[in-house]
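Trainee: Could you take me through the charged pairs in this model, slowly, and then show me what sits in the nonpolar interior?

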Amino acid sequence: MKAVIYNEYQGPLTIERVKDPQPGPEAVVIEVKATGLCLSDWHGWMGHDPEIVLPHVPGHELAGTIVSKGKLVKKWKIGDRVTVPFVGGCGKCDYCYSGNQQVCDNQFQPGFTAWGSFAEFVRIDYADINLVALPDYMSFEEAASLGCRFITAYRGVRHQGQLKKGQFIAIHGCGGVGLSAIQIAKGIGAKIIALDITDAKCEMAQELGADYAINTMKTNTVDAIKDCSKGGVDVSLDALGSATTCLNSINCLRKRGKHIQIGLMTGEEAHPAIPMSTVIANELEILGSHGMQAHAYTEMFQFIKEKEINLSNLITETIALEEVPFRLPLLFKEPSLGITVINSF
């Protein structure tokens, strides 16, 4: 098959012909029809993920059709249209037994613990507990946009943040996760304050339903949020991942508010200072959010349908696989507006 591959961290990305994947007893092979180009892939290429074994094929936001399966796979058949969470469970540890495959002790992550979807085919292990059937109305491109962005935002906003109608939410960073969170919060009926460093992303945030959009390069972030929310927000989401956005997210909360950390924090940003005296005095909650379980997709699909959320609004560009070696290294310096999906292989 044709695949994007690298042999060293921060090294050249090339398109090569490599062996087609074969399914193990509990695995399937999927023909990739669409896959998202995500900043998490850049983190992997940079060497920020110790799970990656070189040489490596990145890509983790995928949708396609099953072309082969192992003998122990019972729930799926050849030709099924499917997607998969970017964090999959093994089905055999205590966390999987409790329904929390997103924090599995032996988690399977295409594009990280195994070769990923920047290829014509990808193998998915533990298929019976990790695959998700696509609704007939959902395109492969829309399914790929769910990736680690919409599903991560959904779990962060609804399950971890437990955002309610009429509450205020601040969303720090209007990339794919942040824009997804805006659509979800809008569906809930919350009051949304979106924050970014560019006017273009602030404008897109308002187009998707944000009540306020603040360019943080032009004002004091925390003061502006408290002005809009009349004292502080109920839920604040760091969708970017930096010491600054994390601190702003905590400091803009009203008493007993919830900070949700979604954005990855690496390098010098990995261990931010937390104002613990404020956390204690105001009884704040600090929560992480890491992916979403396959079994939770049914609820999410129903929410998307009921609230008439148009996933295509997040897809601002579709590209060919051949463009990935040039585009992936630039993701941190030149983040795209919305979500870029690869749909030509």
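**Salt bridges and core**

Mentor: Let's start with E120 and R17, which form a salt bridge whose closest N and O atoms are 3.4 Å apart. This one ties together distant parts of the chain: E120 sits in the loop between α2 (94-97) and β6 (121-124), R17 belongs to strand β2 (residues 13-17), and the two are 103 residues apart. Keep in mind that this is a predicted model, so every distance here is computed from predicted coordinates. As for burial, R17 has a relative accessible area of 63%, so it counts as exposed.

In total the structure holds 13 salt bridges. Another one pairs the side chains of K77 and D80, at 2.9 Å from N to O. The two ends sit in opposite classes here: K77 is exposed, with a relative accessible area of 52%, whereas D80 is buried, at 14%. The cut-offs matter for that reading, because exposed means over 50% and buried means under 20%.

Next up is K218, which bridges to D199 with the closest N and O atoms 3.0 Å apart. Here too the pair links distant parts of the chain, with K218 in the loop between β10 (212-215) and α7 (221-229), D199 in helix α6 (residues 199-207), and 19 residues separating them. K218 is exposed, with 60% relative accessible area, while D199 counts as partly exposed at 39%. If you want something beyond simple pairs, look at E317, E323 and R327, which are linked in a network of salt bridges. As a general point, side chains of opposite charge can pair when their charged atoms come close.

Now for the interior. The largest nonpolar core has 55 residues, and the members that touch the most others are L146, F150, I169, I182 and M300. Quite a few elements supply at least two residues each to this core: helices and strands including α4 (140-160), β8 (168-172), α5 (176-188), β9 (191-196), α10 (297-306) and β15 (339-344). The top contributor is α4, which gives ten residues.

Zoom in on L146 and set aside its neighbours within four places in sequence: L146 is then in contact with M138, I151, Y297, M300, F301, I304 and L311. Apart from this core lies another one, of 21 residues, and among them are L37, F112, A119 and I319. The broader background is that in soluble globular proteins, nonpolar side chains tend to be buried together.

Note on methods: Residues numbered from 1 in each chain as written. Predicted model: local features only at pLDDT ≥ 70, side-chain atom pairs only at ≥ 80, totals over all residues. Heavy atoms only, no water. Salt bridge = Lys/Arg side-chain N within 4 Å of Asp/Glu carboxyl O. Helix = DSSP H or I, 4+ residues; strand = E, 2+ residues; numbered from the N terminus. Buried < 20%, exposed > 50% of the residue type's maximum accessible area, 1.4 Å probe, protein only. Core = buried A, V, L, I, M, F, W, Y, C linked by side-chain atoms within 4.5 Å. Contact = heavy atoms within 4.5 Å.
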